[in-house]
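Work through the following exercises with the sequence and the model open. Each task is followed by a solution in steps.

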Amino acid sequence: MRPLNLILSAFGPYAGEVKIDFSQLGRKGLYLISGDTGAGKTTIFDALIYALYGEASGTVRETNMFRSKYADKNTATFVELYFSYNNCEYKIHRSPEYERPSKRGDKTVQAKPKAYIELPDAPPITGVKEVTQFVENLMGLDRVQFTQIAMIAQGEFLRLLLSSTRERSEIFRKIFNTQRYQQLQEKIKKAADETAKKLEYIDMEIIHNKKNIQLDTEKLPDIPVVNEFIDFIKKYIETDENKEKALQLKLQDNEKKAAFNNVQLGHADYLEKTRKAAFLCRENIKNTAGLLGKTEGNYKYAKSCYDNEYIPVVEMVSKIKDKMDSYDELEKLLTLVKQQEIELQQLDNKRSFIEEKQETLKLEITASKEKQHLLKDILLEKEQCVQKIAEISKQDKELKDLLADMEKYNKMLCKYKKAQSEYKKQQAEQEILHKKCDKMEKAYLDEQAGILALSLEDGQPCPVCGSSNHPFPADLLKEAPTKEAVEAIKKIREKLDTVVTRLSMEAGTLKGTFTALENDVKKKASQLLSCTDKDKIRKGISKRENDLQKKTIDLKKKLLDVKKSVSVKEELDKNIPLWEKQYETENMEMKNLEQIMAVATETIKNNTSKRTELTEKLTFKDRKTAVSVLKEKETYIMLLEKNLETNKAAYEKQKSFIDSEKAKLTALEKQMKDNNPVNIAELRKLQQDLLHEGDKLTRERQKINIRIAGNKKALFNIIEKQTDYEKLARKLSWQKELSQTVNGMQTGKDKVTLETYVQMQYFDKIIARANSRFMVMSAGQYELKRRLAAQNMRSQSGLELNVIDHYNGSERSIKTLSGGESFKASLSLALGLSDEIQSSSGGIKLDTMFVDEGFGSLDEESLEYAVTVLNNLTYGNKLVGIISHVEELKQRIDKQIRVTKTPHDGSKVEIIV
């Protein structure tokens, strides 16, 4: 991957749009990125990484922090990267999330992150994740791998050099994707832990089932060997089963005896019940014989009443029913007359209401017309008030304008006096300077004449006047000004002349302005206040404003009252015609009511006459009375029928009951005569003894059965769990050994995990690649070596680093190197890591690399070696950028990108080739 062009807009410290054309730097070689701290050197690499992967190069900056604080609010934030890969060119455009002005209103909105990539032979791909996925697939590297290859960042390579095994393992895990080995370690350890927990749980279940074993009276023996304990429980269960069979036989014998006794007891109970039933029958016959005669007399009396009264009452009911239609007609007439009388009364009430309303309306119309006449000129009065208020308002405005003009006049007068004073001051200085300038110019010319006189000779012509005689040659002055001094004071004089002229014009302009204002103020004051004295004008304005304010208040109060009167007049003009129309309408309604009432009175008279005639023909005065008598007679008929039926049923029931009891008594006496008496008390005592014995045997048998069932269940569980325990114990043995091996936990051995073992192979390759550079940069003195033996058996090992000093043949910790030596070692290690990542990623080759800082700790010789090593990286069309402040590098590297920081406008970029 080779960057061709990078465009940053409102990104980091770059306020505007900045273009970095990498093609100007050539296809290979070193170039330097230099500038002030915070100017934005590393931001260039951040922008490149952000364009490719949508993230910053490190973990410190987030993407929502890319917006430049120097940028104009309307400048968009984005990055565009043009790059080539496998002889094809691509363009990526990305913009982060940031606040931008809304297109509508003054609010701000959150701009969402966007991305697209233009391809050489396919349609563009859009979307933040989609573009990142395409770049990863294209180059075969994710962001972490790319930054490890293309960017040796400030501090990162030194951290890799001095890391412990644990820290270095975490770095390699991200780079070489060895987390699958770590996951395998954890999976194996987790499986072993789970098996151990299962084994512990089964052991607890076996103990729990042992506690569930029940014995009769003896205590459960302590037998630690599970198989021996199982044999003991099996024998105990067999003994309990034999006891249960013996109890079963005893229970069967008890049940046979109890069954025979129950038969005997049942026969005795039957004879006792028969005797009691016979006694009850005799008592019933005796008690019922007296009631039979009474019920017979009641029945005969009820039949006599029915025969004598039933038919006359039925005939009377029939006659009342035949005349019910006439009663209905009478009822309708009564209701109709009553309703008509109510309606007539309502009409009379309505007529009275209308009469009262008409009288009130007539009075209201008369009073309103009188008030209307009094308010006929109120609109004219309102208009006059409005005009007077407007006139006063105009006068008040003119007074305020006059007051404002006076303020302007006073300010202008102050400006004029100030300008006049400045003019006089500068004019005095001008006169002094003119005199001084004239004096210096004369002295200078005299000096020139004296110099010329020195060269005059008798008989030789003067170059000025041409005379050959020189009787009075000019004297040479001791302290004459130079030509430069004369020219300088002339320039000062010219500048001062210009200033004096400008001040004169300004004072004249101000005088004209304030004179015009003064005349305008006097004219307005004469018109408004009949006064031109400036000292009296302000007092006159104040007095006149107070008078106008009082008049305005009085007029506004009067206008408010007039407006109320206008509203009253408008309301009267609107309502009087309506009231007059209403009066006429109600007058017509009154005449219609009187006609309706006359017709209603005549109708009531006719219906009352019909009601009187119908009442004379009927037995009862109204339908209600007739219905009441009818219900009374019908009830009496029902009473006669019910009384006859009730007494007849009572008599027949008593007679039937006595006959039934006599027959039952005869049958019971015959049964008692054929059976012998038994001792029921002895039979019942025997029954209680047998039941008590049976219950005792049952409880004892149930207790043994429960104990047998519980012990069998516990025994089954123990045998089942013992089998599972043995299987899991065998499984845990090999799982534990495997877990300790892959997790580096074996006793007495180095703490090397499976993942660390795999990483050691990568680390050895990295060290080999790093030494090819470290030996050059250290002039053959130092060589890196992976430490083979751990410092102790407690911490992880396998990725520790030592250094071999070929000058004295010693091997020691990498941490013993000096600052400059550590930088060379860490740079070599970082370059070796970069080479190994490219190799392990399928031989991917990048045509660009950045090295960020760290050269400040090197002496001149070491710096030369480091630059030589970095120059070697550029073989094969590789372009390497060094980000540094070191001044010596500016002398050694011709191609440069210089970043300049400005206080307010952000950073600028300049490419020097």
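**Exercise 1.** In which hand does helix 7 pass helix 13 at their crossing?

Solution. The structure is a predicted model, in which local features need pLDDT of at least 70 and side-chain atom pairs count only at pLDDT 80 or more, while totals for chains, interfaces and linings use all residues. Residues are numbered from 1 along each chain as its sequence is written, and side-chain values use heavy atoms, with hydrogens and water left out.

Step 1. Helices (H or I, at least four residues) and strands (E, at least two) are DSSP runs, numbered from the N terminus.

Step 2. Two packed helices are described by the angle between their axes and the distance between the axes. Axes are lines fitted to C-alpha atoms, for helices over the stretch in contact, and angles run from 0 to 180 degrees between N-to-C directions. Helix 7 (residues 226–322) packs against helix 13 (residues 680–742) at about 160 degrees, with the axes 7 Å apart. Helix 7 is therefore roughly antiparallel to helix 13; angles under 35 degrees count as roughly parallel, over 145 as roughly antiparallel, 65 to 115 as roughly perpendicular and the rest as oblique.

Step 3. The crossing of helix 7 with helix 13 is left-handed, meaning that the near helix is turned anticlockwise from the far one by less than a right angle (right-handed if clockwise).

Step 4. The contact of helix 7 with helix 13 holds 21 nonpolar, 11 polar and 14 charged residues. Here Ala, Val, Leu, Ile, Met, Phe, Trp, Tyr, Cys and Pro count as nonpolar, Asp, Glu, Lys and Arg as charged, and the others, Gly among them, as polar.

**Exercise 2.** Describe the packing of helix 8 with helix 11.

Solution. Step 1. Helix 8 (residues 324–374) and helix 11 (residues 534–617) cross at roughly 160 degrees, and their axes come within 7 Å. That angle makes helix 8 roughly antiparallel to helix 11.

Step 2. Helix 8 passes helix 11 with a left-handed crossing. By class, this contact has 22 nonpolar, 12 polar and 18 charged residues.

**Exercise 3.** Which residues of helix 3 and helix 15 meet, and at what angle do the two helices pack?

Solution. Step 1. The angle between helix 3 (residues 143–150) and helix 15 (residues 819–840) is about 135 degrees, and the axes are 8 Å apart. Helix 3 is therefore oblique to helix 15.

Step 2. The crossing of helix 3 and helix 15 is left-handed.

Step 3. Contact means heavy atoms within 4.5 Å. From helix 3, Gln-145, Gln-148 and Ile-149 meet Leu-833, Ser-834, Ile-837 and Gln-838 of helix 15. The classes in this contact are 3 nonpolar, 4 polar and no charged residues.

**Exercise 4.** Check the spans of helix 1 and helix 6, and state which residues of helix 6 are buried.

Solution. Step 1. The expected span of a helix is 1.5 Å times one less than its number of residues. For the 13 residues of helix 1 (residues 41–53) this gives 18 Å, and the end C-alpha atoms are 19 Å apart, which agrees. For the 33 residues of helix 6 (residues 179–211) the expected span is 48 Å, and the end C-alpha atoms are 47 Å apart, which also agrees.

Step 2. Buried means under 20% relative accessible area, exposed over 50%, and partly exposed in between (1.4 Å probe, protein chains only). In helix 1, 13 of the 13 residues are buried, so the helix is largely enclosed by the rest of the structure. Gly-54 follows helix 1 and has a positive phi, near 75 degrees.

Step 3. In helix 6 the buried residues are Gln-185, Ile-188, Ala-192, Thr-195, Leu-199, Ile-202, Glu-205, Ile-206, Asn-209 and Lys-210. An α-helix has 3.6 residues a turn, so residues three or four places apart point the same way. The cover over the buried residues of helix 6 includes helix 7, helix 13 and helix 14.

**Exercise 5.** Is Asn-87 buried or exposed, and where is Asn-87 found?

Solution. Step 1. Asn-87 is found in the loop between strand 4 (78–85) and strand 5 (88–95).

Step 2. Asn-87 has a positive phi of about 65 degrees although it is not a glycine. Its relative accessible area is 83%, so Asn-87 is exposed.
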